[in-house]
Amino acid sequence: MSRKKLIAANWKMNLTLEQAAEWLAEVEENLLEHHADVVLFPSFIYITDLMDLYQGEQILFGAQNCSHLETGALTGEVSAMQLGSAGVDYVIVGHSERRIHFGETNEAIKQKLKMALKHELFPVFCCGEPLDVRNAGKQEEYVSRQLTESLFALSADEIADVTIAYEPVWAIGTGVNATPEQAQEMHAFIRQQVAKKYSGKIAGEIRILYGGSCKPDNAKPLFACPDVDGGLIGGASLNAEDFLSIVMAAK
Ligand code: PEP
């Protein structure tokens, strides 16, 4: 089963509009290879500006979050319906920073997944264990629960539009990445869970990205793992040159 690699840039709460536009111009000029899909996740306020500026076809655009509700009195929130109406393609759901700093539960993340799909966004569903769980050797149990309580509420048709990102919390923004062996082991486990719940066909088609201190110098061996289908890149995506070399590492 050959799956096209996907490399995503999660800018989090970084870059001004001017810096973002410069990044986009540099990446547009140098992104000449089409071996991977590329998705950019800027702050909400820049998404449509950047979509308007971009002349190419390879980069798709996404939001870093969406509300679990359709519409209403939720000051500061952005709904999946609003993202869809603005022409946004993707949305990250369940990032560990949202879980940790904004108290997002598996139940809320399930609702966000449903909202995203209802409004024709492709969700990137994040899962991954904290350090104490990994040290206790309970990472599979932990991730399995995240899958069961959120992602596996989707139907077989719905899950076909989802990308999974395995992002061990201990590797995010720490400079310590999972080894290719650790990443492969967990990706294979996640794929196996998807096969058990849905089918071997769906499991063979779904993309599972690795995220957590992925950089130009460690991307290649991670992307070479049979069950790693690309990366969700945080810190190293802020620099256009570094991001381009990570895209090249997926070749
Ligand atoms: C992320 O937060 O999605 C991420 C992978 O961050 P970093 O690459 O900075 O570890």
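**A tour from the ligand to the strands and two loops**

An oxygen atom of the ligand is 2.7 Å from a polar backbone atom of Gly173, and this contact is the starting point of the tour. The model is a predicted one.

Keep the ligand selected and display Glu167. A polar atom in the side chain of Glu167 lies 2.8 Å from an oxygen atom of the ligand. Next, add Gly234, which places a backbone N or O atom 2.9 Å from an oxygen atom of the ligand. The ligand taken alone exposes 290 Å², and the protein buries 96% of that area.

Now extend the selection to the whole shell. There are 14 residues around the ligand, and those that come nearest are Lys12, His95, Glu167, Gly173 and Ser213. Coloured by residue class, the shell divides into three nonpolar, eight polar and three charged residues.

Move next to strand E1, residues 5–10. Six of the six residues in E1 are buried, so the strand is mostly covered, given that buried means under 20% relative accessible area. Display the side chains: Lys5, Ile7 and Ala9 point one way from E1, while Leu6, Ala8 and Asn10 point the other way.

Which strands pair with E1? One is E2, residues 36–41, which pairs with E1 in the parallel sense over six bridges. To locate this pairing, select Ile7 in E1 together with Val38, which stands opposite in E2. Trace the chain between these two strands: the path leads from E1 through helix H1, residues 17–30, to E2, and the resulting β-α-β crossover is right-handed. Another partner is E8, residues 230–233, which also runs parallel to E1, with four bridges between the two. Here a convenient pair to select is Leu6 and Gly230, its bridge partner in E8.

Two loop residues complete the tour. Select Glu120 in the loop that joins helix H5 (106–118) to strand E5 (122–127). Glu120 is not a glycine, yet has a positive phi of about 60°. Is Glu120 buried or exposed? Its relative accessibility is 70%, and Glu120 therefore counts as exposed, the cut-off being over 50%.

Finally, return to Ser213, one of the residues that come nearest to the ligand. Ser213 is located in the loop between strand E7 (208–210) and helix H11 (219–223). Its phi is near 55°, again a positive value in a residue other than glycine. Ser213 counts as buried because its relative accessibility is 14%, and the limit for that class is under 20%.

Key
Residues numbered from 1 in each chain as written. Predicted model: local features only at pLDDT ≥ 70, side-chain atom pairs only at ≥ 80, totals over all residues. Heavy atoms only, no water. Near = heavy atom within 4 Å. Polar contact = N/O pair within 3.5 Å; in protein donor to acceptor, adjacent residues only side chain to side chain. Areas by Shrake-Rupley, 256 points an atom, 1.4 Å probe, with all protein chains shown as cover. Nonpolar A, V, L, I, M, F, W, Y, C, P; charged D, E, K, R; others polar. Buried < 20%, exposed > 50% of the residue type's maximum accessible area, 1.4 Å probe, protein only. Pairing = 2+ DSSP bridges. Right-handed = clockwise from strand over helix to strand, strands pointing away.
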